[in-house]
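Subject: Structure for you to look at

Dear colleague,

I am passing on the structure we spoke of. Please open it alongside this message; my notes on it follow.

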Amino acid sequence: MASETPAAARTRRDQLRDFLRTRRARLTPEDVGMAAGGRRRTPGLRREEVAVLAGVGVSWYTWLEQGRDINVSVEVLDAISGALRLNGPERIHLYTLAGVNPPRDGGPRATSVTPELRNLIEAWMPRPAMLRDRYWNLLVLNGTARTVFGYGDTDHNCLVTFFTNARYRAMHVHWASVAPDVVAAFRADAARFPDDTEFGRLVDDLSTVSPDFAELWARHDVGDHVQTVKAVLHPEAGDLVFDKTTLTVADRPDWTLELYNPRPGTGTEDRLALLAHAPAATSA
């Protein structure tokens with residue numbers, strides 16, 4: 001983790017002490033398959049019981065719970081997480097308080113989009129909005145995003161559409177200038193999940209059908225997602241210019257919400273009225 005001041009380190013270890021004590025106190029020996037062993041002065045598991053369950057030394061666990069400045073490994077933290085029956089957020093919190101980088105997301109989860117998130121995307125109309133996953137697969141598009149940006153029924157991935165959909169490419173005024181940034185941002189996203197082979201499959205497949213993508217991917221450029229301006233020449237509405245804001249979904253950090261606002265002074269908001277007949281929001 002990043003360097004911290006002595007005062008910040010003390011505060012972190014104090015919080016670690018309290019966190020471990022409260023997690024231990026909420027469990028009973030019966031919860032973890034151990035004999036109660038008589039009356040207890042305080043509720044919950046004893047320190048030595050947690051140590052046994054985690055397979056670590058009693059003294060070492062005691063030092064950890066006391067907030068002493070000791071080194072701790074990922075394997076030991078995982079063992080303690082299991083012994084204390086920590087859930088996902090609690091496990092990450094334990095890593096953070098122990099001064100260790102939290103583990104990466106183990107893999108993609110179910111792609112069920114909540115009704116609340118779908119409602120937000122639909123309510124953003126008549127402005128465009130979309131939701132995509134870690135691979136840039138389109139999970140939800142509202143009707144305006146589909147109509148304004150040229151997505152068809154066969155478009156299921158932002159990156160693939162960007163490089164293979166001729167209508168999409170023709171409508172995007174600055175396609176050539178933004179293409180390197182698009183690929184650089186995708187490379188940065190892929191690097192967050194080094195064990196996920198789906199990224200490699202997607203890159204290989206797209207490189208086969210798009211020489212432009214293959215050439216840009218070979219540069220190994222890396223970039224961030226930033227707020228940008230997106231300009232579109234729509235065949236019916238004319239010039240449309242949007243401020244694009246990219247947001248991470250809090251409980252699904254591998255999902256990205258993209259919201260588009262008409263850029264002031266460009267007449268985009270008025271031109272969007274011409275597209276009021278856009279189809280309703282649907283899943284990609």
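Helix 1 (6–25) and helix 4 are among what covers the buried residues of helix 5. Please bear in mind that this is a predicted model. The buried residues in helix 5 are E90, L94, Y95 and L97.

Both ends of helix 5 deserve a look. At the N-terminal end N87 acts as the cap, with a side-chain oxygen 2.9 Å from the backbone nitrogen of E90. After helix 5 comes G99, which has a positive phi, near 80°.

On the helix 4 side, I looked at S81, which lies within residues 74–83 of that helix. S81 counts as buried because its relative accessibility is 4%. Its side chain reaches the backbone oxygen of L77 at 2.8 Å. With neighbours within four places in sequence set aside, the contacts of S81 are L86, R91 and L94. L94 is also one of the buried residues of helix 5.

Next, the loop that follows. V113 sits between helix 5 (88–97) and helix 6 (115–123). Why does V113 count as buried? Its relative accessibility is 9%, and the cut-off for buried is under 20%. Beyond four places in sequence, V113 is in contact with R118, L131, L139, V140 and W255. For V113 and V140, the C-alpha atoms are 8.3 Å apart, while the separation in sequence is 27 residues.

Now the nonpolar cores. In soluble globular proteins, nonpolar side chains tend to be buried together. The largest core here has 36 residues, and those touching the most other members are M130, F149, Y151, L159, F163, F186 and F213. Two or more residues each come from strand 2 (138–141), helix 7 (143–149), helix 8 (158–164), helix 9 (166–171), helix 10 (175–191), helix 11 (197–209), helix 12 (211–217) and strand 4 (238–249). Helix 10 gives the most, with seven residues.

M130 is a useful residue from which to view this core. Leaving out neighbours within four places in sequence, M130 is in contact with I121, L138, V140, L141, A145, F149, Y151, C158, T256, L257, E258 and Y260. V140 is thus on the contact lists of both M130 and V113. Another core lies apart from the largest one; it has 24 residues, including L20, V32, Y95 and A98. Y95 in that core is also among the buried residues of helix 5.

Strand 4 also takes part in a hairpin with strand 3, with three residues between the two strands. Strand 3 (residues 228–234) and strand 4 run antiparallel and are joined by seven bridges. Within this pairing, L233 stands opposite D239 of strand 4.

Finally, the figures for the whole protein:

- The protein contains 13 helices and six strands.
- Of its 284 residues, 42% count as buried.
- Among contacts with a separation of 6 or more, 54% are between residues 24 or more positions apart.
- The exposed area is about 15100 Å², of which carbon and sulfur atoms supply 53%.

Regards

Definitions and conventions: Residues are numbered from 1 along each chain as its sequence is written. This is a predicted model: local features need pLDDT of at least 70, side-chain atom pairs count only at pLDDT 80 or more; totals for chains, interfaces and linings use all residues. Side-chain values use heavy atoms; hydrogens and water are left out. Helices (H or I, at least four residues) and strands (E, at least two) are DSSP runs, numbered from the N terminus. Buried means under 20% relative accessible area, exposed over 50%, partly exposed in between (1.4 Å probe, protein chains only). Contact means heavy atoms within 4.5 Å. A nonpolar core is a set of buried Ala, Val, Leu, Ile, Met, Phe, Trp, Tyr and Cys residues joined through side-chain atoms within 4.5 Å. A polar contact is a pair of N or O atoms within 3.5 Å; within protein, one must be able to donate a hydrogen and the other to accept it, and residues adjacent in sequence count only if both atoms are side-chain atoms. Accessible areas come from the Shrake-Rupley method with a 1.4 Å probe; for residues, only the protein chains shown count as cover. Two strands pair if DSSP finds at least two bridges between them.
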